[in-house]
Amino acid sequence: MLIQASSGLERLMAGSKGGVLKDSTVAQVSAYVYYNAAVISKLTTNKQFQSKFSKVIFEQIDKDFGEYIDALARSKPRSLHHVYEWKQAGSKTARLFHLKLVSQDGLSFKIAYSFKPSKSFVPAEGNYKRRHIFVDKANIMEMGQPLTISPKYADRLVFEVNGATVFMPKGKSVTVKRPGGPGVKNQFSLAHSRFFSGQLVNNSIKKSGIQRIFGAGMAKALRLPTNIKRVQYSFSPNLIRSQADASLASAFGGAL
Amino acid sequence: MTANYKLDAMLELRKFLWNELKTRNIFDEEDYWSDNLNENIIPIVPVQQTAEMNQFLSGKKHIVYDKIGMSYEDNWMICCEQILFTIYSTDFSEINEIRNFMTDQFRRMDDSARDINYWAGLSDKFKFLSVYLADISPTAPSEELQGFFATEVILEIKYARIVDGQGRFL
């Protein structure tokens with residue numbers, strides 16, 4: 001879009017023919033804008049730059065978001081224990097969630113979360129022969145989806161409730177209306193939206209050092225070539241575009 | 001000379017916060033007298049100690065804190081930390097009072113830091129550079145403590161530890 005808009009300047013950069021009085025102003029200002037537009041559009045459409053830009057920001061957000069959820073989970077484990085392995089709420093190494101970059105359009109990108117399968121055994125008191133892994137624990141508890149537990153290998157379910165052993169009738173299943181407890185439904189999603197809709201994500205972007213990493217290169221690339229600073233009555237779009245290429249290569253080294 | 005590595009900016013901030021809450025009569029320290037310990041307990045407790053404090057703090061307003069994370073800037077003398085405070089009370093208006101005080105006290109960046117630096121109780125080994133209110137959650141019934149309301153306040157602090165000529169902690 002930027003290239004389309006700036007292409008209208010090519011005519012103005014050509015300067016006016018004939019006439020007694022010649023004025024370089026329109027051509028020169030047009031060349032100035034054209035050069036800046038060329039640098040910015042080349043930069044923002046460059047796949048390598050886009051990838052580096054999103055990677056720098058995403059890595060910081062990923063770190064900060066993880067630490068934020070860990071701290072929340074330590075403070076309110078009943079609400080967020082489900083996105084960690086059993087009895088490890090708030091532990092970085094036991095997380096069952098992760099962020100991922102899902103799409104990129106120019107310098108804009110989308111981040112989504114997903115849940116990882118649980119790999120640890122469901123805690124059980126007593127001496128039970130068969131241990132179970134609740135693989136989709138995080139996802140099901142987050143959704144607040146009722147759960148039906150049926151005997152798979154044994155004839156009946158046997159479990160403990162408040163210290164008493166319950167023997168279910170043969171073949172009967174048990175329904176857990178709110179797996180993970182009443183306080184977990186949508187709690188991760190709520191924390192996620194708080195992080196991404198408030199100041200926390202902005203802080204994270206600032207902290208990523210994006211301005212320091214790319215600011216100096218941008219300033220260098222946008223520095224006007226001397227021929228545009230000189231008074232001229234006409235400018236070559238081809239020359240300006242090649243100067244923008246050269247300037248970007250010099251400013252960002254091998255990154256582009 | 002060996003540096004005192006037990007000193008921690010988060011603990012200094014906690015001391016400052018408790019002093020302010022007492023001074024402004026938002027908390028009455030006499031409410032937190034422990035017969036067992038024969039002293040007042042500061043009701044601003046680290047999340048790691050909440051289990052052992054639950055009985056003592058039962059029904060009383062209190063604050064639980066935890067460090068979210070810390071990192072150093074390119075200038076390695078400046079440390080940036082985020083601290084999560086969870087305010088608990090059985091009275092909705094008390095939560096609002098504490099939250100509003102923290103907003104008033106800690107949202108002014110370098111001015112908030114200056115207040116801490118001027119406080120006589122601060123260790124002379126720290127200089128706070130800015131304090132920023134990164135996030136406040138709505139007040140809601142707590143899932144952790146039945147009968148309590150809770151709200152979370154996240155502060156971002158930047159500070160420097162006073163160092164010697166080699167850049168080591170004093």
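Let's start inside chain A, at Leu99(A): setting aside neighbours up to four places away in sequence, this residue is in contact with Phe58(A), Ile61(A), Asp62(A), Phe65(A), Ile111(A), Ala112(A), Tyr113(A), His192(A) and Phe196(A). Please keep in mind throughout that you are looking at a predicted model. Leu99(A) sits in strand S1 of chain A, and its relative accessible area is 6%; since buried means under 20%, Leu99(A) counts as buried. A useful pair to pick out on screen is Leu99(A) with Phe49(A): they are 50 residues apart in sequence, and their C-alpha atoms are 21 Å apart in space.

One of those contact partners, Phe65(A), leads us on to the nonpolar cores. The largest nonpolar core has 51 residues, and Phe65(A) is among those with the most contacts inside it, together with Tyr68(A), Ile69(A), Val83(A), Phe97(A), Phe188(A) and Ile240(A). Which helix gives the most to this core? The answer is helix H4 of chain A, spanning residues 47–75, with 12 residues. For a closer look, centre the view on Ile69(A): beyond four places in sequence, Ile69(A) touches Leu80(A), Val83(A), Tyr84(A), Phe97(A), Phe188(A) and Ala191(A). There is also a second, separate core of 45 residues, which includes Ala9(B), Met10(B), Cys79(B) and Ile98(B). As general background, nonpolar side chains in soluble globular proteins tend to be buried together.

Now zoom out to the whole of chain A, which has 11 helices and six strands. Why is chain A described as more spread out than a compact globule? The radius of gyration of chain A is 30 Å, whereas the globule rule gives 18 Å for 256 residues; the value is well over the rule, so the chain is more spread out than a compact globule. The box filled by the C-alpha atoms, taken along the principal axes, is roughly 105 × 30 × 30 Å. Of the 256 residues in chain A, 37% count as buried. Among contacts in chain A with a separation of 6 or more, 64% join residues 24 or more positions apart. The accessible surface of chain A is about 15,000 Å², and carbon and sulfur atoms hold 55% of that area. Chain A carries 38 positive and 15 negative charges, with the mean positions of the two sets 2 Å apart.

Two loop residues of chain A deserve a visit for their backbone angles. As a general point, most residues other than glycine have a negative phi. Lys87(A), however, has a positive phi near 60°. Lys87(A) belongs to the loop between helix H5 (77–80) and strand S1 (97–105) of chain A, and with a relative accessible area of 77%, Lys87(A) is exposed. Asn162(A) also has a positive phi, near 50°. Asn162(A) lies in the loop between strand S4 (158–161) and strand S5 (164–167) of chain A, and its relative accessibility of 81% makes Asn162(A) exposed.

Next, turn to chain B, with its four helices and eight strands. Along the sequence, these elements follow the pattern α-β-β-β-α-β-β-α-α-β-β-β. The radius of gyration of chain B is 17 Å, which agrees with the value near 15 Å that a compact globule of 170 residues would have. The C-alpha trace of chain B spans about 50 × 35 × 25 Å along its principal axes. Half of the picture lies inside, in the sense that 50% of the 170 residues of chain B count as buried. The accessible surface of chain B is about 8,600 Å², with 48% belonging to carbon and sulfur atoms. There are 17 positive and 28 negative side chains in chain B, and the centres of these two sets lie 6 Å apart.

Finally, let's see where the two chains touch. Ser75(A) lies in helix H4 of chain A and is buried, with a relative accessible area of 7%. Which residues does Ser75(A) touch beyond four places in sequence? They are Val47(B), Asp66(B), Leu84(B), Thr86(B), Tyr88(B) and Glu144(B). From chain B, look at Ser137(B), in the loop between strand S6 (126–136) and strand S7 (140–141). Ser137(B) is buried too, with a relative accessible area of 5%. Apart from neighbours within four places in sequence, Ser137(B) is in contact with Arg194(A), Thr151(B) and Glu152(B).

Notes: Residues numbered from 1 in each chain as written. Chains lettered and ligands numbered in written order. Predicted model: local features only at pLDDT ≥ 70, side-chain atom pairs only at ≥ 80, totals over all residues. Heavy atoms only, no water. Core = buried A, V, L, I, M, F, W, Y, C linked by side-chain atoms within 4.5 Å. Buried < 20%, exposed > 50% of the residue type's maximum accessible area, 1.4 Å probe, protein only. Contact = heavy atoms within 4.5 Å. Rg over C-alpha atoms; globule rule 2.2 N^0.38 Å. Areas by Shrake-Rupley, 256 points an atom, 1.4 Å probe, with all protein chains shown as cover. Lys, Arg positive; Asp, Glu negative; His and termini not counted. Charge placed at Lys NZ, Arg CZ, Asp CG, Glu CD.
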